[in-house]
Amino acid sequence: MKIAILSRNRRLYSTRRLVEACTERGHEVRVLDTLKCYMELSSHEPVVWYRGEKLEDFDAIIPRIGASITPYGLAVIRQFEMLGTYSLTESVALGRSRDKLRALQLLSRKNVGMPISSFAHDVHNTKELIKLVGGAPVVVKLLEGTQGRGVVLAETAKAAESVIDAFRELKADFLVQEFIKEAGGADVRCLVIGKKVVAAMQRTAASGEFRSNLHRGGTAELTRLTPAERATAVKAAQIMGLNVAGVDILRSARGPLVMEVNSSPGLEGIETASKKNVAAEIVKFIEENAGPNKNKTRGTG
């Protein structure tokens with residue numbers, strides 16, 4: 001197969017591993033800088049150009065779109081979808097998962113367990129937002145934050161009001177979310193491919209930190225999932241429409257709670273903790289599912 005990986009940096013661990021997996025399995029693979037792709041729109045047929053070259057005949061693309069370039073990345077994926085190229089991560093699914101509020105609304109509608117959240121653009125009484133999620137302590141999250149940035153734990157009502165008021169002054173969109181104390185500063189990252197969890201790890205926050213992100217100094221170790229955790233992770237990925245997803249789950253007294261569904265999960269932490277060749281599993285999925293016009297949305301989104 002002829003496969004393109006949309007990535008801004010070919011030296012990133014995840015990109016390198018995907019290139020290795022494609023090559024080892026006999027595929028022709030090319031890394032394309034997403035921002036260097038440009039598009040021709042006409043009444044005849046859509047075209048994707050790259051540094052003066054017309055991109056044709058790719059069997060599949062693997063989007064690795066960073067959060068900072070989501071709008072342009074979505075446009076590039078849609079253009080490939082319009083050409084009938086199979087996209088491992090479809091534009092509609094990526095758009096859903098990157099909109100944190102929309103993702104929570106979709107999960108809520110399908111009765112997936114998740115922390116209670118509140119959201120508002122303009123609230124005169126900040127105490128109401130805090131009350132909706134059960135009172136302090138609460139977690140306040142910027143909707144545009146990634147890798148733990150823009151996430152604040154407010155341990156008292158006064159602290160929560162101060163953080164919320166500060167975000168409102170900045171005209172930033174944010175969520176107020178209940179704090180799951182029994183999770184103990186740990187969460188579980190489930191790597192879902194298709195309809196199964198292929199690897200999982202527990203991430204534990206560094207001392208003095210409540211965010212378990214590895215970028216924040218957290219540690220990762222192999223963990224065994226319960227049937228409920230596996231089912232929740234797969235259901236969350238399917239609700240988003242993602243073929244590959246990193247589903248972050250909190251272990252709570254009322255069962256697994258989905259914290260986030262990541263459409264471009266990093267591979268380094270999960271491969272190191274699980275000792276599994278996740279990159280090869282991703283390529284196998286493409287082999288089994290790719291084909292002309294095989295995208296669910298067919299570029300119509």
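Helices (H or I, at least four residues) and strands (E, at least two) are DSSP runs, numbered from the N terminus. The model on display is predicted, so local features need pLDDT of at least 70 and side-chain atom pairs count only at pLDDT 80 or more, while totals for chains, interfaces and linings use all residues. Residues are numbered from 1 along each chain as its sequence is written, and side-chain values use heavy atoms, with hydrogens and water left out.

**Stop 1: the segment after α9**

Select N293, which is placed in the segment after α9. Although N293 is not a glycine, its phi is positive, at about 55 degrees. Three classes describe accessibility: buried means under 20% relative accessible area, exposed over 50%, and partly exposed in between (1.4 Å probe, protein chains only). N293 is partly exposed because its relative accessibility is 42%.

Next select A290, which lies in the segment after α9 (278–289). A290 has a relative accessible area of 21% and is therefore partly exposed. Display its contacts (heavy atoms within 4.5 Å). Leaving aside neighbours within four places in sequence, A290 is in contact with M1, D59, A60 and Y86. Add S87 to the selection: it stands 203 residues from A290 along the chain, yet their C-alpha atoms are separated by 8.0 Å.

**Stop 2: two further backbone features**

Move to K275, in the loop between α8 (268–274) and α9. Its phi is near 60 degrees, a positive value in a residue other than glycine. K275 counts as exposed because its relative accessibility is 70%. Then select A136 and P137, whose connecting peptide bond is cis, with omega near 0 degrees. P137 is found in the loop between α5 and β9. For context, most residues other than glycine have a negative phi, and most peptide bonds are trans.

**Stop 3: helix α6**

Select residues 157–169, the 13 residues of helix α6. The expected span of a helix is 1.5 Å times one less than its number of residues. For α6 this gives 18 Å, and the end C-alpha atoms are 18 Å apart, which agrees. Colour A160, E161, V163, I164 and F167, the buried residues of α6. Viewed down the helix axis, these buried residues fall within an arc of 165 degrees, so they line one face of α6; the arc is that of the directions from the helix axis to the C-beta atoms. They pack against α5 (126–132), β9 (138–142), β10 (151–154) and β11. On the face turned away from the buried side, look for the exposed residues K158 and E169. Just after α6, K171 takes a positive phi of about 60 degrees.

**Stop 4: E178**

E178 lies in strand β11 (residues 174–178). It counts as buried because its relative accessibility is 13%. Its side chain reaches the backbone nitrogen of I116 at 2.9 Å. A polar contact is a pair of N or O atoms within 3.5 Å; within protein, one must be able to donate a hydrogen and the other to accept it, and residues adjacent in sequence count only if both atoms are side-chain atoms. One such contact, of 2.3 Å, joins the side chains of E178 and R254.

**Stop 5: salt bridges**

A salt bridge is a side-chain nitrogen of Lys or Arg within 4 Å of a carboxyl oxygen of Asp or Glu. The whole structure holds 14 of them. Select D187 and R203, whose side chains meet in a salt bridge (2.9 Å, N to O). This pair links distant parts of the chain, with D187 in strand β12 (residues 186–193) and R203 in strand β13 (residues 196–204), 16 residues apart. Both D187 and R203 are buried. Add R189 and D248 to see a network of salt bridges that links D187, R189, R203 and D248.

**Stop 6: the nonpolar cores**

A nonpolar core is a set of buried Ala, Val, Leu, Ile, Met, Phe, Trp, Tyr and Cys residues joined through side-chain atoms within 4.5 Å. The largest has 28 residues, of which L107, C190, M240, V247, V258 and V261 touch the most other members. At least two residues each come from α4 (100–109), β12, β13, α7 (227–240), β15 (244–252) and β16 (255–262). Among these elements, α7 gives the most to this core, with six residues. Finally, select C22, I62, V278 and F285, which are among the 25 residues of another core lying apart from the largest.
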